[in-house]
Amino acid sequence: MTTYDPSRDGAQMSFDGRMSYGDYLQIDTILNAQTLLTGAHDEMLFIIQHQTSELWMRLALHEMDAARAAIAAGEVRAAFKMLARIARIFEQLNSAWDVLRTMTPSEYTRFRDGLGQSSGFQSWQYRLIEFAVGNRNAAMLRPHAHRPDLLARLEAELARPSLYDEALRHLAREGLPVPAEVLNRDLRGPWVAHEGVQAVWEIVYRAPEQHWEAYELAEKLVDFEDYFRRWRFNHVTTVERVIGFKRGTGGTSGVQYLRRMLEVELFPELWHLRTSL
Ligand code: HEM
């Protein structure tokens, strides 16, 4: 049997002066970005797990910006598509923990000291996602003070309406009684659960057929938060499995800090209304 030559099927085999797969995707740049600081075998896994998470976060932010713009323009249906994709991205990130979980505490301790004070706590994209959806805390800007470019991006995010702000502005435009103080709130501040907002969502959930778009929007937001909560839970469980109750490299109490973050509610009224329906 002769060896199969895919060029007979038309496969392009010569890339002199033509853009190839690696050129378009800048694969060299990506594959040259794994600089192991220790000789530990598992450091490669640790680096790639974080880098791939950052790539997925980049896409989530891209979709989030477009979803917000679509809602602001009244094109809520276009936003549904993007919000569904963001939820899937988080599902992807959730499955990724299975790979990291194969690393034991003995393996991690072989390179943990090499990380110095670096930690996911300093992930500006993660913070940007939190700010973009509505979990705003200006204290989280401080680890980025040494990078004016990143600080400016995070500051700019705090000055814009969040995804939740945009959703509520949309409901107000549709004639639902969103309280004015909520629509005119200080955007930089943290979200504070508001009875008036819950009352609006209750109108929607009590008569979905009359407010179908708002109802679908609400469920897309809940979906996102559901996956996001699972990410947080998977993270804290993996952290406990790998470092127990040691302090984090970023300086926090570690698992205790992360457990506290499990209590964060992004869209509190959407969760609270379920009790009162
Ligand atoms: C063995 C693996 C991991 C360990 C032991 C670990 C540990 C920790 C700890 C202890 C914290 C709290 C801050 C600190 O004091 O350092 C933290 C925060 C964080 N980690 Fe991880 N982590 C791991 C993997 C990951 C991965 C794969 C990602 C993906 C990007 C990630 C993203 C984050 C983020 C975004 C925070 C900030 C969370 C917040 O402030 O709510 N971590 N991590």
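I count a residue as buried if 20 or more other C-beta atoms lie within 10 Å of its own, as exposed if 12 or fewer do, and as partly exposed in between. I keep in mind that this is a predicted model.

**Entry 1: Phe-111**

I started with Phe-111. It has 19 other C-beta atoms within 10 Å, so I log Phe-111 as partly exposed. I found Phe-111 in the loop between α5 (105-109) and α6. Which residues does Phe-111 touch, not counting those up to four places away in sequence? I listed Thr-38, Ala-40, Asp-42 and Glu-43. I also checked Phe-111 against Leu-183. They are 72 residues apart along the chain, and their C-alpha atoms are separated by 49 Å.

**Entry 2: the whole chain**

Next I stepped back to the chain. I counted 13 helices and zero strands. Read from the N terminus, every element in the run is therefore marked α. The C-alpha atoms fill a box of roughly 70 × 55 × 40 Å along the principal axes. The chain has 277 residues, and buried ones make up 23% of them. I then looked at contacts between residues at least 6 apart in sequence. Of these, 68% join residues at least 24 apart.

**Entry 3: the ligand shell**

I turned to the ligand. There are 24 residues around it. Which come nearest? I noted Ser-119, Gly-120, Gly-248, Gly-250 and Thr-252. By character, the shell divides into ten nonpolar residues, 14 polar and no charged. Three helices each supply at least two shell residues: α3 (43-72), α11 (212-243) and α12 (255-261). The largest share, five residues, comes from α11.

**Entry 4: α11**

That share sent me to α11. I checked its length first. The 32 residues of α11 should span 46 Å at 1.5 Å a residue, and its end C-alpha atoms are 46 Å apart, so the two agree. Then I listed the buried residues of α11: Ala-214, Leu-217, Ala-218, Lys-220, Leu-221, Phe-224, Glu-225, Phe-228 and Val-239. I noted that Lys-220 and Glu-225 are on that list. An α-helix has 3.6 residues a turn, so residues three or four places apart point the same way. I kept that in mind when reading down the buried positions of α11.

What do the buried residues of α11 pack against? I found α4, α8 (163-173), α10 (195-206), α12 and α13 (268-276). Just after α11 comes Gly-244, with a positive phi near 60°.

**Entry 5: α3 and α4**

I went back to α3, another helix of the ligand shell. I compared its axis with that of helix α4 (residues 76-100). The axes come within 8 Å and cross at roughly 170°. That angle makes α3 roughly antiparallel to α4. The residues of this contact divide into 20 nonpolar, four polar and two charged.

**Entry 6: α8 and Asp-165**

α8 was on the list of partners of α11, and I looked it up next. Eight of the eleven residues of α8 are buried, so α8 is largely enclosed by the rest of the structure. I wrote them down: Leu-163, Tyr-164, Asp-165, Glu-166, Ala-167, Leu-168, His-170 and Leu-171. Their cover includes α3, α4, α6 (124-133), α9 (180-183), α10 and α11. After α8 comes Gly-175, whose phi is positive, near 95°.

I picked Asp-165 from α8 for a closer look. Is Asp-165 buried or exposed? Asp-165 has 20 C-beta neighbours inside 10 Å, so I count it as buried. Leaving aside neighbours within four places in sequence, Asp-165 is in contact with Gly-134 and Leu-187. I also checked Asp-165 against Gly-39: 126 residues apart in sequence, and 48 Å apart from C-alpha to C-alpha.

**Entry 7: Leu-151**

I found Leu-151 in helix α7 (residues 148-158). It has 16 C-beta neighbours inside 10 Å and so counts as partly exposed. Not counting residues up to four places away in sequence, Leu-151 touches Leu-141, His-144 and Ala-145. Trp-124 is 27 residues from Leu-151 along the chain, and their C-alpha atoms are separated by 8.7 Å.

**Entry 8: Gln-26**

Last, I looked at a backbone angle. Gln-26 is not a glycine, yet its phi is positive, about 50°. I found Gln-26 in the loop between α1 (21-25) and α2 (27-31). It has 10 C-beta neighbours inside 10 Å, so I log Gln-26 as exposed.

Notes: Residues numbered from 1 in each chain as written. Predicted model: local features only at pLDDT ≥ 70, side-chain atom pairs only at ≥ 80, totals over all residues. Near = placed C-beta within 6 Å. Helix = DSSP H or I, 4+ residues; strand = E, 2+ residues; numbered from the N terminus. Nonpolar A, V, L, I, M, F, W, Y, C, P; charged D, E, K, R; others polar. Axes fitted to C-alpha atoms, helices over the stretch in contact; angles between N-to-C directions. Parallel < 35°, antiparallel > 145°, perpendicular 65-115°, else oblique. Expected span 1.5 Å × (residues − 1). Contact = placed C-beta atoms within 7 Å.
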